[in-house]
Amino acid sequence: MSVPSAFRSVVRKARKTHKCCECCEVINIGDQYQYSSGIWDGEPDDYKQCLNCGEIFEAVTRDGGEPCFTQLRDYLFDSDMDHPDQLLAFSKKMGVDADAVVRLMDLEVPS
Ligand SMILES: [Zn+2]
């Protein structure tokens, strides 16, 4: 996926149910979600993320990462984020909740 032209990303309130394109969680009516739209290779497209995933996506992008929509989870796995030390360091550095990353990646949390 190349760099989009005319990209914009806003938080919206769901008027109908959606599915998060990263973690596949249902976004219920009335929930806020991250709505991103743009034009990739001349094709308009849009993506809906739950706020959890939207925040992580934003944090990764801010850090200079280039995750693709719908592939945030793969991106994190490729970054060794399934390793607990890496995950903790990441969440601290990015200012995102470690639990949120664990949820997205669907990891077993050691008790
Ligand atoms: Zn999500």
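A trainee and a mentor talk through a predicted model of one chain.

Trainee: How many helices and strands are there in the chain?

Mentor: Read along the sequence, the pattern is β-β-β-β-β-α-α-α-α. The strands come in one run and the helices follow. The count is four helices and five strands.

Trainee: What is the radius of gyration of the chain, and what does the globule rule give for it?

Mentor: The C-alpha atoms fill a box of roughly 40 × 30 × 20 Å along the principal axes. For 111 residues the globule rule gives 13 Å. The chain comes close to that, so it is as compact as a globular protein of that length. Its radius of gyration is 14 Å.

Trainee: In what order do the three strands of the open sheet stand?

Mentor: The pairing in this sheet is antiparallel. β1 (5–13) and β5 stand at the edges, each with a single partner strand, so one side of each is left without a neighbour in the sheet. The twist averages 15 degrees from one strand to the next. The order is β1-β4-β5.

Trainee: How many bridges join β4 to β5?

Mentor: These two strands run antiparallel. Along them, G38 stands opposite D45 in β5. Y33 has C50 of β5 as its bridge partner. The number of bridges is eight.

Trainee: Which residue in the turn of the β4 and β5 hairpin has a positive phi?

Mentor: β4 covers 32–40 and β5 covers 43–50. The hairpin they form has two residues between the strands. One in the turn has a phi of about 50 degrees, and that residue is D41.

Trainee: Why does the span of α1 agree with its number of residues?

Mentor: α1 has 12 residues. At 1.5 Å a residue, they should span 16 Å. The end C-alpha atoms of α1 agree with that, because they are apart by 16 Å.

Trainee: At what angle does α1 run to β5?

Mentor: α1 lies across β4 and β5. Its buried residues pack against both of those strands, and against α2 and α4 as well. Those buried residues are N52, C53, G54, I56, F57 and V60. The angle between α1 and β5 is about 115 degrees.

Trainee: Which element gives the most to the largest nonpolar core?

Mentor: The core has 14 residues, and C50, C53, I56, F57, L72, V101 and L104 touch the most other members. Three elements give two or more residues to this core: α1 (51–62), α2 (72–78) and α4 (98–105). With four residues, the one that gives the most is α1.

Trainee: Which residues is F57 in contact with, leaving aside its neighbours within four places in sequence?

Mentor: F57 is one of the buried residues of α1. F57 is also among the core residues that touch the most other members. Its contacts beyond those neighbours are Q49, P67 and L72.

Trainee: Which residue just after α1 takes a positive phi?

Mentor: α1 covers 51–62. The phi in question is about 95 degrees, and it belongs to G64.

Trainee: Is C24 buried or exposed?

Mentor: C24 sits in the loop between β2 (18–19) and β3 (26–27). It has a positive phi of about 65 degrees, although it is not a glycine. Inside 10 Å it has 12 C-beta neighbours, so it counts as exposed.

Trainee: How many C-beta neighbours does T70 have inside 10 Å?

Mentor: T70 is in the loop between α1 and α2. It is not a glycine, yet its phi is positive, about 70 degrees. T70 counts as partly exposed because its number of C-beta neighbours is 14.

Trainee: How far apart in space are C24 and T70, C-alpha to C-alpha?

Mentor: Each has a positive phi without being a glycine. In sequence the two are 46 residues apart. In space, C-alpha to C-alpha, the distance is 9.4 Å.

Notes
Residues are numbered from 1 along each chain as its sequence is written. This is a predicted model: local features need pLDDT of at least 70, side-chain atom pairs count only at pLDDT 80 or more; totals for chains, interfaces and linings use all residues. A nonpolar core is a set of buried Ala, Val, Leu, Ile, Met, Phe, Trp, Tyr and Cys residues joined through C-beta atoms within 7 Å. A residue is buried if 20 or more other C-beta atoms lie within 10 Å of its own, exposed if 12 or fewer, and partly exposed in between; C-beta atoms are placed from the backbone. Two residues are in contact if their C-beta atoms, placed from the backbone, lie within 7 Å. The expected span of a helix is 1.5 Å times one less than its number of residues. Two strands pair if DSSP finds at least two bridges between them. Axes are lines fitted to C-alpha atoms, for helices over the stretch in contact, and angles run from 0 to 180 degrees between N-to-C directions. The radius of gyration is taken over C-alpha atoms; the globule rule is 2.2 Å times the number of residues to the power 0.38.
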